[in-house]
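User: I would like to go through this structure by question and answer. Please explain each term when it comes up.

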Amino acid sequence: MQAKAPQQRNHTGNGRREVQPFGRRTPSHRLHAASTSTPAALVAPPNPMLVSVVEALFKFPPLFEQATKKARGMIIQRAKAIGLDWDGTLQQLQQQDWEARLQEATDPAAGSYPSYYIQPFHAYKQGNLCWEAAQEFMLSSQSVHAPVMDPENKKMDPLGDHMLRSNYGKCMLQLMAETPGAPQPSAVQAVLDVGCAAGLSSLALRELFPAAHITGVDLSPHMVAVGRYHQEQREVASGSKEPISILHRKAEDTQLPAGSFDVVSMCLVAHELPQHATKAILQEAYRLLRPGGVMSIMEMNPNSPAFQRVFANVFAYTAFKSTEPWLMEYVTLDLHGAMREAGFEAPRQTENSPKHRTVVAAKPLSS
Ligand SMILES: C[S@@+](CC[C@H](N)C(=O)[O-])C[C@H]1O[C@@H](n2cnc3c(N)ncnc32)[C@H](O)[C@@H]1O
């Protein structure tokens, strides 16, 4: 059985219980860090020479394979350390007729796969286009994010992934409240989850916008098939249908109607993309939003001290790079500038973990 993501709760003076932001061990970080509309500065890796040496070494297949093997081993080891039943969960999942589910999930509307997508990612040779990646997604996400609130000491917390997502929701709502013309959360009817994978981010959006239908799009039919399976299981357990649809689509060209969404969220996707793809997705999001609609992005924060430490350490950078081929493209992208270029107004940013940021911008009401 997969461990349930529990809520981290904290007693407050007024007797109510609240979800505690950023975990117990990082009191210096606060959920409501001052938001800013200042464009994020471009980050130059602290040691460009070292970075280019590592990049060059990665073109040597045995080294690449060794590094990805190590990275994958660490993900599994961490999952077990936080109490997840890695083997049992996968054995149970593997009993499904996945080929039939793949056929049902595959949609010609997704079009062809761009070359940047047909790459090894996250230590999977076939990247997101394989069963391993899709079936292990929920487990890996919890494992990878276990130390997210304590990047310095790397204290493992089974709640890490849950807190990261819950803080993202809070930051998104906070920034929406500061954005003129943005919809009230209770009035949000239609939300698009770009790169939804097996549906964790769609689930979080559903909790945030109770009146909305959530449409998740992902370019991996394997992810779509597994996401739909998880949804079916939840619906059987709860006895009710969820307002979530997971579609096999390319985020740059979703084939969905213009002006049909109040909110577009892109959670932990941009670091998997070359800059031209992120820009194309932002343009598509702009087309899909109604005037006054909101684009929200949650991603690693290249300017955070925790992230900067990764660049200063050849071993940490090598491990990271081995699983994320487009990392440097993301890190050197001026995200606020790219949002403005796509037509969005006044991007605002806040931190939702010691390593992650939330950026929100609106499509002008006059558009
Ligand atoms: C790291 S996962 C993040 C998933 C999810 N949003 C979350 O927060 O857990 C990135 C996902 O983006 C998807 N993706 C990457 N490029 C895409 C594209 N161009 N169109 C649609 N999905 C894409 C991948 O298939 C993968 O499932």
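Analyst: A polar contact is a pair of N or O atoms within 3.5 Å; within protein, one must be able to donate a hydrogen and the other to accept it, and residues adjacent in sequence count only if both atoms are side-chain atoms. The model is predicted, so local features need pLDDT of at least 70 and side-chain atom pairs count only at pLDDT 80 or more, while totals for chains, interfaces and linings use all residues. Residues are numbered from 1 along each chain as its sequence is written, and side-chain values use heavy atoms, with hydrogens and water left out.

User: How far is an oxygen atom of the ligand from an N or O atom in the side chain of R165?

Analyst: The R165 atom belongs to the side chain and its partner is an oxygen atom of the ligand. The distance between them is 2.9 Å.

User: Which residue has a backbone N or O atom 3.2 Å from a nitrogen atom of the ligand?

Analyst: A polar side-chain atom of Y116 lies 2.8 Å from a nitrogen atom of the ligand, but that is a side-chain atom. The backbone atom at 3.2 Å belongs to L219.

User: How many residues surround the ligand?

Analyst: A residue is counted if one of its heavy atoms lies within 4 Å of the ligand. The closest are Y116, Y117, G195, D218 and C267. The number surrounding the ligand is 22.

User: At what angle do helix α11 and helix α12 pack?

Analyst: Helices are DSSP runs (H or I, at least four residues), numbered from the N terminus. Axes are lines fitted to C-alpha atoms over the stretch in contact, and angles run from 0 to 180 degrees between N-to-C directions. Helix α11 covers residues 305-312 and helix α12 residues 314-321, with axes 5 Å apart. The angle is about 100 degrees.

User: Are α11 and α12 roughly parallel or roughly perpendicular?

Analyst: Angles under 35 degrees count as roughly parallel, over 145 as roughly antiparallel, 65 to 115 as roughly perpendicular and the rest as oblique. The pair is therefore roughly perpendicular.

How values were computed. Helices (H or I, at least four residues) and strands (E, at least two) are DSSP runs, numbered from the N terminus.
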